[in-house]
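Visitor: Please pick a single part of this model and take me through it closely. I would like to see what surrounds that part and how it is held to the rest.

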Amino acid sequence: MEKLVFLVTLMVCCSGGSMFESDVGHDQDLFESMFTFPGETNTTHVRVNPESTQTSINTTTVCLRFFTDSCGSSSLFSLASPEQANSLLLWRDEPNVYYVLVNNQALRFPGLKSELNQWNSICATWETTTGLAQVWLNSKPSPRKSVSPGYRIDGVPSIVLGQEQDSYGGSFDAAESFVGSLTDVYMWNSVLSPKEIQYYMTGVVVRPGNVVDWRHIVFNRTDAVVEETSVLGFAQDCSHGMS
């Protein structure tokens, strides 16, 4: 047994990398696939490489679909820059309350009803000139509110699914981890029109993401994250959501 432990340790040390990372650097089409995060940890995550080397982002739209049975708080999408861990964060505080953080400044969006144990489609937009941000959940838009006008995300972004980054690329907290499944993750360096967002809500992506594109994505995932086939059933009618 001691020889076996020594051999495993030697293999990990000599490899020069982590034994917990998989799918390193693969460029994949994840159509009809999803990432499942099976438990609350401070390690389980997916790291997404930007579609192109983005050195400055001042306008954006992020869209994704999530499936969970948790009522707790968690990170849905975390983007850190070298100088700011919460350059852009999409945060689920409870089933009906969502936050958008830009430059670590938070906007609260209450009254957006999501469904447990169903797929929910969410998009968040922000642009720097006015700072106006908005959240769409299952075809329902929030009011537009202003946060961090004039801000610009500089440097190559670190994009993480399943965890909130408290530093550039790391410092995860299990209490902030997402438990459930994510699919159809896209990011653009522009604000999508309401019509384009509505199309996304019904399962139609009208143009490729030019920062993150689910159909053309390079990612690393920890071994605990399961990549599997998704069976989508969008929660489009949320009038009977949780109270």
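Guide: Let us settle on strand β11 (residues 132–137), which is mostly covered: 5 of its 6 residues are buried. Buried here means under 20% relative accessible area, exposed means over 50%, and partly exposed is in between, with a 1.4 Å probe and protein chains only. Helices (H or I, at least four residues) and strands (E, at least two) are DSSP runs, numbered from the N terminus. You are looking at a predicted model, where local features need pLDDT of at least 70 and side-chain atom pairs count only at pLDDT 80 or more, while totals for chains, interfaces and linings use all residues. Residues are numbered from 1 along each chain as its sequence is written, and side-chain values use heavy atoms, leaving out hydrogens and water.

Now for the partners of β11. Two strands pair if DSSP finds at least two bridges between them. With β10 (120–127), β11 pairs in the antiparallel sense over 5 bridges. Along that pairing, Ala133 in β11 stands opposite Trp126. The two strands form a hairpin with 4 residues between them, and Gly131 in the turn has a positive phi of about 75°.

β11 also pairs with β12 (residues 140–141), in the antiparallel sense and over 2 bridges. Here Trp136 has Pro141 in β12 as its bridge partner. This hairpin has 2 residues between its strands, and Asn138 takes a positive phi near 50°. Another antiparallel pairing, again over 2 bridges, joins β11 to β13 (residues 145–146). In that pairing Leu132 is matched with Ser146 of β13.

Next, the helix that β11 helps to cover. In α2 (residues 194–201), the buried residues are Glu196, Ile197, Tyr200 and Met201. Seen down the axis of α2, these buried residues fall within an arc of 145°, so they line one face of the helix; the arc is that of the directions from the helix axis to the C-beta atoms. The general geometry is familiar: an α-helix has 3.6 residues a turn, so residues three or four places apart point the same way. The cover over the buried residues of α2 includes β11 together with β5 (59–67), β10 and β16 (180–188), contact being heavy atoms within 4.5 Å. Just after α2, Gly203 takes a positive phi of about 100°.

The strands that share in covering α2 carry cross-links of their own. A disulfide, here a pair of cysteine sulfur atoms within 2.5 Å, joins Cys63 to Cys123, with S to S at 2.0 Å. Cys63 lies in β5 and Cys123 in β10, the hairpin partner of β11, so the pair ties together parts that are 60 residues apart in sequence. The torsion about the S-S bond is about 115°, so this disulfide is right-handed. Cys63 is buried, at a relative accessible area of 0%, and Cys123 counts as buried at 0% too. The count for the structure comes to 1 disulfide. Cys71, by contrast, is partly exposed at 40% relative accessibility.

Strand β5 is also linked to β16. The side chains of Arg65 and Asp184 meet in a salt bridge, at 2.7 Å from N to O, under a rule that asks for a side-chain nitrogen of Lys or Arg within 4 Å of a carboxyl oxygen of Asp or Glu. This pair links distant parts of the chain, with Arg65 in β5 and Asp184 in β16, 119 residues apart. Both Arg65 and Asp184 are buried.

Back at the helix, Glu196 has its own salt bridge, meeting the side chain of Arg207 at 2.9 Å, N to O. Glu196 lies in α2 and Arg207 in the loop between α2 and β17 (217–222), so the pair ties together parts that are 11 residues apart in sequence. Arg207 counts as partly exposed, at 31% relative accessibility, whereas Glu196 is among the buried residues of α2. In the whole structure the search finds 4 salt bridges.

To set all this in its wider frame, the protein chain holds 2 helices and 18 strands. Of its 243 residues, 50% count as buried. Among contacts with a separation of 6 or more, residues 24 or more positions apart account for 71%.
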